[in-house]
Amino acid sequence: VLRRTLKTLEAVQGAGTTLVSVYVPGTLSQLALMSSKVQNEMGVASNIKSTQTRQRVREALNSILHHLKSLKRIDPNGLALFCGVDTTHDGKRVMKAIVPPKALSSPLYWCDSEFQLKALHDMANTDENESIGFAVVSGEGTYFAALSASGTIEALKTTSVRLPKKHSKGGQSAPPSNVSVFNERKAYVSKTVNEINSLFVDQKTNKARYSHFVIAGPGVLKSEAASHTSLLPLVKEKLLKVVDTSYPFAKGLAEAINKSSSAIGEAQVNRESELLQKLMDRIAKDKCTYAIGAEDTFEAMESGCAKTILICERACKAQTIVCQVLQEQNSKEGDPKDLVSGKTHYYHVLSKKLDAKIKQLEAESKVCIKEIVPFVDWCLEYAHLEHSIDVELITSKTEISLQFEKGFGGLAALTRYEFHPTSEYERQGLLEEGDEDHTSSSSEDDDFYGVTEDIFG
């Protein structure tokens, strides 16, 4: 999600220094300091000679300041805010808030013709959830490294050892020169396996630090390590391949990456296919432990029974309108529940109905539209942060993924227990019992999927 968001922000171009980037470390004191900083910069911006530039900078600063002051708490990792007018898209206003995957070390205030994204790019490139852990085991030592999705290699640890050879004169046909030789090799393999467990698995949470693992190296030591009884089941489960290399250490790593590239790609496709097959099996057996389509999936998320969300970016054509309630409204039939003043709410609509929904919200004057984001982005962030639901993007173009796109709209959920969504027939039955005004109001909002409070509220 972060890479997709950064790619969108990279495409934004402003006139002069009208694009504002703000990074706030995750403490309330830093939040207060940045609010004060932005307030002061609004005064400085009044000295800008160009009327249009001055107006755009002040509007961006005002939006950021309003967002900062509305926060009652801040994520421990901090917050990054980006605001300005995109001159490449007919002056479209951009406002984006991002919670970094890792903690921000220092604050930043930046005005330029493009957003300052380097810190977030660095975090995205070292995302452990999409990285592969490598261990190159040899008789000279072990080289541990991680390969990120972007191709960046991070060296984790290097150990050195001087092991005696298995046999003396006579080659492998000769008897072992000494029992101690094998004991030393056995101890080395055992120590290497313990290091693999320590580096590749978080011992506190018992979760893998990387998506998959590869054990490589020359000789038989790598195979002994891969089959060792002390190797954690989590590592064995995610072990992609045992690769034979001609070299140890860094040269062996380069060779291992090259030889396992096809396995890495196949692992992603296989994983997606397994998830989709699980959905199809549940549908075929009619276990009622699934939700299909945007409306039912969102209902499953709200009810708390959704365990895994499956989203195909190519097929999901919905948008999310982020709004802030201007004042408390009297509850009316057809209105979202809990429309509380000052809170942020979300309206989900199909792309083809987006303009009509915006006009409706503006005409009602109940909310102020803050931004419009792809429903895929919103769903990923909301599901993960609010409900700790696993979110899986379906990116492959296999037969089963195409069936998922065309047959189910590219959006579904695997639920923890039986889920019975509000069906179209049930809604129609309720409408027939109501008055005509209620029917009219509900039919106009047939594109409304749901409303939730802002995570910062």
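I began with burial: 43% of the 457 residues of the protein chain count as buried (under 20% relative accessible area, with over 50% exposed and partly exposed in between, using a 1.4 Å probe and protein chains only). This is a predicted model, so I kept local features to pLDDT of at least 70 and side-chain atom pairs to pLDDT 80 or more, while totals for chains, interfaces and linings use all residues. Residues are numbered from 1 along each chain as its sequence is written, and side-chain values use heavy atoms, with hydrogens and water left out.

Next, the surface. The protein chain exposes about 24,000 Å² (Shrake-Rupley method, 1.4 Å probe), and carbon and sulfur atoms supply 49% of that.

I then looked up contacts (heavy atoms within 4.5 Å). Among those between residues at least 6 apart in sequence, 72% join residues at least 24 apart.

For secondary structure, I found 14 helices and 18 strands (DSSP runs numbered from the N terminus: H or I of at least four residues for helices, E of at least two for strands).

One open sheet caught my eye: three strands in the order β15-β14-β16, with antiparallel pairing (two strands pair if DSSP finds at least two bridges between them). β15 (344-350) and β16 (367-374) stand at the edges with a single partner strand each, so one side of each has no neighbour in the sheet. Strand β14 (residues 318-325) is joined to β15 by seven bridges, and Val-322 stands opposite Tyr-346 in β15.

Last, cysteines. Cys-305 counts as buried at 1% relative accessibility, and Cys-312 at 0%. My search of the whole structure gave zero disulfides (pairs of cysteine sulfur atoms within 2.5 Å).
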